[in-house]
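Me: I am new to this structure. Please take a close look at one part of it, and tell me about its backbone, the space beside it and the ring contacts around it.

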Amino acid sequence: MQVSSLNEVKIYSLSAGRSLPEWLSDRKKRALQKKDVDIRRRIELIQDFEMPTVSTKIKVSRDGQYIMAVGTYKPRVRCFDTYQLSQKFERCLDSEVVTFEILSDDYSKIVFLQCGRFVEFHSQHGHYYRTRIPKFGRDFSYHYPSCDLYFVGASSEVYRLNLEQGRFLNSLQTEASESNVCDINPVHFLFAMGTAEGKVECWDPRTRNRVGLLDCALSSVTAGTEIEGLPSISALKFDGALNMAVGTSTGQVLLYDLRSSNPLIVKDHHYGLPIKSIQFQHQLDLIISADSRIIKMWNKDTGKIFTSMEPEHDINDVCLYPNSGMLMTANEAPKMNIYYIPVLGPAPKWCSFLDNLTEELEENPESTVYDDYKFVTRKDLENLGLAHLIGSSLLRAYMHGFFMDIRLYHKAKMMANPFAYEEYRREKIRQKIEETRAQRVQLKKLPKVNKELALKLIEEEGEEQQISKKRKQKNLPSLLKDDRFKVMFENPDFQVDEQSEEFRLLNPLVSKISEKRKRKLKILEELEAQGQEEEEEPEGKASDAESSESSDDEKGWVEEVRKQRKLLRQEEKLKRQERLKEDQQTLLKPQFFEIKEGEEFRSFKDSAKKQKLMKKTLEDRLKLEEKLGTLNVSDTTVGSKQATFKLKKSEQQRKQQEAEKQHRQERKSLRRSASHLKSRRGRGRLFH
């Protein structure tokens with residue numbers, strides 16, 4: 001249990017501490033409670049008082065015995081029995097619940113307004129009936145004398161469903177485009193609804209006519225409030241016969257007397273968040289208003305803050321247990337918070353032990369901070385050389401360490417580290433130097449690549465932030481922090497070459513654009529100072545003067561581009577002259593080349609002839625090849641032409657062919673001589 005105090009009002013958080021998972025068995029839960037001190041000391045007022053993910057609405061039945069809450073996920077309703085301090089039942093639903101109402105004294109009659117335009121009725125045994133309304137609903141109220149349900153939502157009509165006849169009645173036609181909340185006065189049953197235009201319309205259910213109209217949006221704007229848009233009504237609650245509290249979407253709470261159109265008091269939460277819930281505490285004349293961040297309790301006569309609470313998670317709904325000091329909240333978290341404030345009233349009869357517990361805590365306050373003692377851990381004792389004192393009267397065990405006398409601690413530290421004062425003095429001097437450095441102008445670190453571009457982007461971001469602050473717009477993301485352009489300031493390959501022709505020609509345009517931007521910013525600042533609109537022209541300057549300025553800017557830009565082009569031409573001429581000088585200074589030395597074997601060097605004219613031949617057309621080359629005899633073109637019988645090419649032979653191939661020809665001739669002559677000798681020998685044998 002956590003205890004906090006604001007304005008000397010003690011608030012006990014009964015749901016503080018770790019919660020055990022649902023899937024743990026009772027045996028494991030008991031084992032954890034024995035081992036863990038925090039789990040053993042926590043107070044579980046109602047067993048499993050939580051939702052799986054988020055709780056959206058929470059209400060108490062009129063008899064005070066049952067607490068009902070709805071949440072997700074999956075959409076469900078849970079009913080807790082306060083007499084048994086545990087959950088009574090749980091029912092899952094088809095769609096999420098926008099709001100619900102307990103019609104009976106106990107849980108036997110419940111109406112749920114769901115997201116998909118569904119209205120679902122539950123009885124004691126479970127689901128009873130389901131119907132739909134024409135438009136999406138946002139809130140509803142029950143009129144007890146006529147048994148009518150009034151539904152408001154994304155429509156100008158207020159739908160009426162009679163539960164006695166079981167049918168829809170004629171709807172109420174309003175002037176609003178949409179309605180957010182509604183409520184019925186418990187005394188004279190006046191029906192009031194809050195619209196999206198910031199108005200409250202009051203209707204008489206007996207005559208079905210509008211009897212009053214309040215413009216709360218205009219009344220909520222005071223001298224100290226800053227409002228970005230039109231406030232709409234987000235909360236509405238009656239108190240008695242004459243008082244009504246209205247909450248706006250910009251964080252203001254207005255308290256009205258129904259006999260006057262002006263609010264009695266306007267209370268601002270200063271967070272700019274919509275008011276989620278408004279409750280009245282009659283014992284101390286307090287109003288409990290809550291947005292998603294804070295719960296404020298303030299006096300309804302003076303507006304003075306009584307106390308406030310800021311839970312860890314966002315608030316969805318607040319429920320004050322009747323005639324007690326207990327407060328319950330539905331949060332954007334599984335656990336639903338329970339607070340007990342003894343100043344508001346006693347504890348409910350089903351948890352009367354809370355009064356005794358808080359009285360004991362107040363009578364026997366546990367002092368956990370000692371002015372004359374120093375808290376040290378076991379490691380600190382070892383560093384000081386005092387580990388042998390553990391178990392003696394000089395050390396008092398507490399949590400994960402020990403309390404020891406502050407004088408003994410200082411003596412031991414001086415003996416262990418005699419130069420501690422010098423270290424302390426150096427640390428103080430260093431802190432003073434850092435404080436003086438912080439007052440200087442802080443230079444932002446620029447990236448290694450494209451430093452000038454990064455500096456330009458930083459300056460432009462500063463200008464855009466100033467404009468967005470004045471106009472109350474959101475700042476655009478920075479290019480320097482964007483991962484998509486991160487490489488441009490890290491990789492040297494993306495370095496902008498300022499000496500390139502493209503950059504030099506575009507640079508005058510970029511500079512002119514930046515000058516125009518600065519001039520435009522000055523004009524806008526002058527207009528805002530004079531209280532004029534942006535479309536109006538500044539005094540003393542006509543539109544002709546602006547057009548002449550723009551034409552002068554264009555002329556100046558053209559002249560600068562021409563200058564850059566002239567400079568580029570001059571640089572090119574200088575480069576050519578330098579190349580010519582270098583060519584003239586270089587001395588050409590003769591070089592010798594070796595010709596491959598079998599090749600004959602003719603002249604350098606062959607290459608020139610080949611180049612000329614390649615420049616000629618295909619027809620001219622074919623004619624030339626015909627003259628040389630390497631090409632033969634003949635007509636065929638079909639009518640087409642046939643071309644036969646003869647490849648030119650190199651000198652080595654020609655010599656080889658001549659050698660082969662000579663070799664063949666020598667072999668022929670040898671064969672002839674051999675055959676001649678054989679024929680002569682045969683003739684000689686015949687003669688013998």
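Reply: A strand here is a DSSP run of E with at least two residues, and strands are numbered from the N terminus. With that in hand, the part to look at is the loop between strand 4 and strand 5, where Lys74 lies. The model is a predicted one.

Start with the backbone. Tyr73 is placed in the loop between strand 4 and strand 5, the latter spanning residues 76-81. The peptide bond that leads from Thr72 into Tyr73 is cis, and its omega is near -10°. The next bond, between Tyr73 and Lys74, is also cis, with omega about 15°. Lys74 belongs to that loop as well.

Next comes the space beside the loop. The structure holds 1 cavity of 30 Å³ or more, and about 40 Å³ of space lies in the largest cavity. Which residues line the largest cavity? They are Thr56, Val70, Gly71, Thr72, Pro75, Arg76, Glu96 and Val97. Thr72 is thus part of the lining and also the residue from which a cis bond runs to Tyr73. Strand 4 gives the largest share of this lining, with 3 residues. Sorted by class, the lining has 3 nonpolar, 3 polar and 2 charged residues. The charged ones are Arg76 and Glu96, because Arg and Glu both count as charged.

Strand 4 also takes part in the ring contacts. There are 9 aromatic pairs in the structure. One of them joins Tyr66 and Tyr107 edge-to-face, with 4.9 Å from centre to centre and 75° between the planes. The angle is over 60 degrees, and therefore the pair is called edge-to-face. Tyr66 belongs to strand 4 (residues 66-72), while Tyr107 is in the loop between strand 7 (97-102) and strand 8 (110-114), so the pair ties together parts that are 41 residues apart in sequence. Are these two rings' residues buried or exposed? Tyr66 has a relative accessible area of 9% and is buried. Tyr107 is buried too, at 9% relative accessibility. Both values are under 20%, which is why the word buried applies.

For comparison, another edge-to-face pair is formed by Phe375 and Phe403, at 5.5 Å centre to centre and 70° between the planes. Phe375 is in strand 30 (residues 373-377) and Phe403 in strand 32 (residues 401-405), so that this pair links parts of the chain 28 residues apart. Here the two residues fall into separate accessibility classes: Phe375 is partly exposed at 27%, and Phe403 is buried at 7%.

Back at strand 4, Tyr66 and Tyr107 are joined by Phe89 in a cluster linked by ring pairs. Phe89 has a further neighbour: the charged end of Arg91 sits over its ring, 4.2 Å from the centre. A contact of this kind also occurs at Phe118, where Arg130 lies over the face of the ring at 3.6 Å from its centre.

To sum up the part: strand 4 supplies 3 residues to the lining of the largest cavity, and it holds Tyr66 of the pair with Tyr107. The loop between strand 4 and strand 5 holds Tyr73 and Lys74, which are joined by a cis peptide bond.

Notes
Residues are numbered from 1 along each chain as its sequence is written. This is a predicted model: local features need pLDDT of at least 70, side-chain atom pairs count only at pLDDT 80 or more; totals for chains, interfaces and linings use all residues. Side-chain values use heavy atoms; hydrogens and water are left out. Rings of Phe, Tyr and Trp (its six-membered ring) pair if their centres lie within 6.5 Å; planes under 30 degrees apart count as stacked, over 60 as edge-to-face and the rest as tilted. Helices (H or I, at least four residues) and strands (E, at least two) are DSSP runs, numbered from the N terminus. Buried means under 20% relative accessible area, exposed over 50%, partly exposed in between (1.4 Å probe, protein chains only). A charge sits over a ring if NZ of Lys or CZ of Arg is within 6 Å of the ring centre and within 35 degrees of the ring normal. On a 1 Å grid over the protein atoms alone, a cavity is a set of points where a 1.4 Å probe fits but cannot get out, and a pocket is an open set with protein on both sides within 12 Å along at least five of seven lines; lining residues have an atom within 4 Å of a point. Grid points are joined across faces, edges and corners, and a volume is the space filled by probe spheres set on the points.
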